[in-house]
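Let's take a walk through this one together, a helix at a time. Have the viewer open so you can click along.

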Amino acid sequence: GLRLRVREDTRDAIAAAAPHADAAFRSSPVNRDLFLGILRNPRDLYRTLRDMMDCGALIAYIPEFAMVRHLPRMDFYHHYAVDEHLLRTTLFSERLLSGPAAPGGRSDPSLAHVSRVARTIRRWDLLNFTLILHDIGKGEGRGNVLRGGHLISRIAERMGLAEADRELCRRLTLNHQKMSQLAFQRNVEDPKVAQELADELGERET
């Protein structure tokens with residue numbers, strides 16, 4: 001509850017150690033569990049990941065993130081560089097779990113139902129893991145969705161995630177554009193559209 005920040009000298013020490021991270025560091029079960037613990041926490045997740053990025057800890061643990069560091073996106077829908085876009089997705093997961101409040105503290109009743117459903121999700125660690133990596137394939141150029149699915153599966157395997165967890169993250173990454181396609185091409189207020197998506201996903205947790 002204290003919401004403390006990491007001291008500057010500690011950040012400097014992390015930054016000095018980060019370039020020396022090796023394969024054993026990235027495949028450590030201890031580090032995996034610590035990282036998943038961070039991703040399960042609905043409070044200040046974006047700020048924590050931003051601190052990890054700024055001092056080099058995030059790229060030390062997931063070196064593939066360096067491919068999208070400061071990578072610009074030149075389109076109408078993305079307002080940030082790819083790395084910032086990925087980290088900022090966690091602001092929305094924080095918002096869903098903290099209640100139906102819009103930015104600036106204003107109440108947003110339209111999010112009340114979505115927030116209730118969000119609180120039933122069991123594996124927020126896997127969801128946030130996928131959120132911060134869903135566009136990682138953009139660092140390798142064309143075909144970024146397929147590349148992203150391969151990369152997130154490889155990263156999850158290196159971390160030691162169970163096969164079912166790896167497959168869920170891969171599926172979410174491969175299908176993450178479906179909702180935006182529905183939003184721009186279909187009537188999202190049509191219950192049939194929602195039902196089609198639900199049928200395709202198959203399970204409530206997915």
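Start at α10, where D165, R166, L168, C169 and T173 are buried. Why do they line one face of the helix? Look down the axis of α10: the buried residues fall within an arc of 160°, so they end up along one face. The general rule is handy here: an α-helix has 3.6 residues a turn, so residues three or four places apart point the same way. Turn to the face of α10 that points away from the buried side, and you meet the exposed residues E163 and A164. One thing to keep in mind as we go is that this is a predicted model.

As for its dimensions, α10 covers residues 163-174, which makes 12 residues. From first C-alpha to last it reaches 16 Å, close to the 16 Å expected at 1.5 Å a residue. What do its buried residues pack against? Their partners are α8 (124-131) and α9 (144-159).

Now zoom in on two residues of that buried set. D165, which lies in helix α10, has a relative accessible area of 17%; the cut-off for buried is under 20%, so D165 counts as buried. Leaving out residues up to four places away in sequence, D165 touches R123 and L126. For a sense of scale, try picking D165 and S110: they are 55 residues apart along the chain, and their C-alpha atoms are separated by 31 Å. C169 counts as buried because its relative accessibility is 0%.

While we're on cysteines, C55 is buried too, with a relative accessible area of 9%. How many disulfides does a search of the whole structure find? The count is 0.

C55 also leads us to the other end of the chain. It is one of the contacts of R11, together with V6, D51 and D54, once neighbours within four places in sequence are set aside. R11 lies in helix α1 (residues 8-17). An arginine may catch your eye here, since R11 counts as buried at 18% relative accessibility.

Next, the aromatics. There are 2 aromatic pairs in the structure. In one of them, F25 and Y61 meet edge-to-face, with 6.0 Å centre to centre and 90° between the planes. That pair links distant parts of the chain, as F25 sits in helix α2 (residues 23-26) and Y61 in helix α5 (residues 57-61), 36 residues apart. Are these two rings buried or exposed? F25 counts as partly exposed because its relative accessibility is 33%, whereas Y61, at 4%, counts as buried.

Y61 has another partner in F35. Their ring centres are 5.2 Å apart and their planes lie at 65°, so this pair is edge-to-face as well. Again the pair links distant parts of the chain: F35 belongs to helix α3 (residues 29-40), 26 residues from Y61 in α5. F35 is buried, as is Y61. Put the rings together and F25, F35 and Y61 make one aromatic cluster.

F35 turns up again in the largest nonpolar core, which has 31 residues. The residues with the most contacts inside this core are F35, L39, L49, L58, F65, F129 and L133. Which helices each supply at least two of its residues? They are α3, α4 (45-54), α5, α6 (82-98), α8, α9 and α10. In soluble globular proteins, nonpolar side chains tend to be buried together. Click on L39 to see some of this up close: leaving aside neighbours within four places in sequence, L39 is in contact with L45, L49, W124, D125, N128, F129 and I132.

Follow the chain on from α3 and you reach D44, in the loop between α3 and α4. Its phi is near 60°, a positive value in a residue other than glycine. D44 is buried, with a relative accessible area of 14%.

Finish with α6. Its 17 residues should span 24 Å at 1.5 Å a residue, and the end C-alpha atoms are 25 Å apart, which agrees. Its buried residues include V82, L86, L87 and T89, and also the charged-type side chains of D83, E84, E94 and R95. The buried residues of α6 pack against α4, α5, α7 (112-118) and α8.

Methods
Residues are numbered from 1 along each chain as its sequence is written. This is a predicted model: local features need pLDDT of at least 70, side-chain atom pairs count only at pLDDT 80 or more; totals for chains, interfaces and linings use all residues. Side-chain values use heavy atoms; hydrogens and water are left out. Helices (H or I, at least four residues) and strands (E, at least two) are DSSP runs, numbered from the N terminus. The expected span of a helix is 1.5 Å times one less than its number of residues. Buried means under 20% relative accessible area, exposed over 50%, partly exposed in between (1.4 Å probe, protein chains only). The arc is that of the directions from the helix axis to the C-beta atoms. Contact means heavy atoms within 4.5 Å. Rings of Phe, Tyr and Trp (its six-membered ring) pair if their centres lie within 6.5 Å; planes under 30 degrees apart count as stacked, over 60 as edge-to-face and the rest as tilted. A nonpolar core is a set of buried Ala, Val, Leu, Ile, Met, Phe, Trp, Tyr and Cys residues joined through side-chain atoms within 4.5 Å. A disulfide is a pair of cysteine sulfur atoms within 2.5 Å.
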